[in-house]
Amino acid sequence: MIPLNTSIVSGVAISEIDGQMKMLLMKRVKGEFWCHVAGSIEEDETGIDAIVREFKEETQIEVSNLYNAQFLEQFYEASVNVIQLIPVFVVMCPPEQEVVLNEEHTEYKWCSLEDALELAPFPNQHAVFKHVWSYFVEKPVNAFYRVDAG
């Protein structure tokens with residue numbers, strides 16, 4: 001049997017940068033690959049609590065406009081024999097959102113969808129980014145997706 005892990009959340013930040021909508025990618029220290037915000041849900045936290053905390057810890061972004069992306073990242077992590085099932089959130093940031101990275105990342109880029117697909121190494125990341133771009137950049141954001149960030 002392969003266990004299912006549901007103790008992680010992830011989120012994509014969107015901001016208008018120099019007049020164009022962009023998504024935030026960061027280069028992880030561990031593994032040296034480009035990714036979006038993600039982290040573990042701590043004891044007594046909800047998924048929403050965890051993603052708000054993770055954005056603050058990893059980027060210093062104060063989350064106010066939070067959305068359920070209506071997407072689950074899912075992949076098999078062979079090194080630990082676990083299927084990861086991860087709810088994705090979207091943070092709609094103000095224009096020219098500033099980012100201050102913590103020690104988990106070495107650099108960041110505000111990316112177009114095309115740039116994000118070139119930087120991110122994993123097919124599941126590509127699926128996340130395409131979905132987020134479609135539902136949060138190309139179309140008006142659906143108010144039903146909004147969640148209370150607390």
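Is E96 buried, partly exposed or exposed, and what is its relative accessible area? In this predicted model, E96 is partly exposed, because its relative accessible area of 41% lies between the limits of 20% and 50% that separate buried from exposed residues. The residue is placed in the loop between β7 and β8, and its phi is positive, at about 55°, although E96 is not a glycine. The loop between β7 and β8 also holds E103, which is exposed, with a relative accessible area of 65%. Between E103 and S79, which are 24 residues apart along the chain, the C-alpha atoms are separated by 24 Å.

A positive phi is likewise found at D18, a residue other than glycine, where the value is near 50°. D18 belongs to the loop between β2 and β3, and with a relative accessible area of 67% it counts as exposed, because this value is over the limit of 50%. The two strands on either side of this loop form a hairpin with two residues between them; β2 and β3 run antiparallel and are joined by four bridges, and within this arrangement I14 stands opposite M23 in β3.

Strand β3, which spans residues 20–28, has further pairings. With β8, made up of residues 105–111, β3 pairs in the antiparallel sense over six bridges, and here L24 has W110 in β8 as its bridge partner. With β4, residues 34–35, β3 is joined by two bridges, again in an antiparallel arrangement, and M26 stands opposite C35 in β4. The hairpin of β3 and β4 has five residues between the strands, and G31, in the turn, takes a positive phi of about 95°.

The interior was examined next. In soluble globular proteins, nonpolar side chains tend to be buried together. In the present model, the largest nonpolar core comprises 20 residues, and M23, L25, V90, F129, V132 and F136 are those with the most contacts inside it. Two or more residues of this core come from each of β2, β3, β6, β7, α2 (113–119) and α3, and α3 provides the largest share, five residues. For V132, when residues up to four places away in sequence are not counted, the contacts are with V12, I14, A69, V90 and V137. M23, one of the residues with the most contacts in this core, is also the residue in β3 that I14 stands opposite. A second core, separate from the largest, has 19 residues, among them A13, I17, V37 and F89.

The largest pocket of the model has a volume of about 720 Å³. Its lining is made up of 23 residues, of which R28, F33, A38, F75 and E77 are the closest to the centre of the pocket. At least two lining residues are supplied by each of β2 (8–17), β5 (37–40), β6 (66–77), β7 (82–92) and α3 (123–138), while β5 gives the most, with four residues. When the lining is divided by class, nine of the residues are nonpolar, eight are polar and six are charged. Several elements thus recur in the description: β2, β6, β7 and α3 contribute to the lining of the largest pocket and also give residues to the largest nonpolar core.

Note on methods:
Residues are numbered from 1 along each chain as its sequence is written. This is a predicted model: local features need pLDDT of at least 70, side-chain atom pairs count only at pLDDT 80 or more; totals for chains, interfaces and linings use all residues. Side-chain values use heavy atoms; hydrogens and water are left out. On a 1 Å grid over the protein atoms alone, a cavity is a set of points where a 1.4 Å probe fits but cannot get out, and a pocket is an open set with protein on both sides within 12 Å along at least five of seven lines; lining residues have an atom within 4 Å of a point. Grid points are joined across faces, edges and corners, and a volume is the space filled by probe spheres set on the points. Ala, Val, Leu, Ile, Met, Phe, Trp, Tyr, Cys and Pro count as nonpolar, Asp, Glu, Lys and Arg as charged, and the others, Gly among them, as polar. A nonpolar core is a set of buried Ala, Val, Leu, Ile, Met, Phe, Trp, Tyr and Cys residues joined through side-chain atoms within 4.5 Å. Buried means under 20% relative accessible area, exposed over 50%, partly exposed in between (1.4 Å probe, protein chains only). Contact means heavy atoms within 4.5 Å. Two strands pair if DSSP finds at least two bridges between them.
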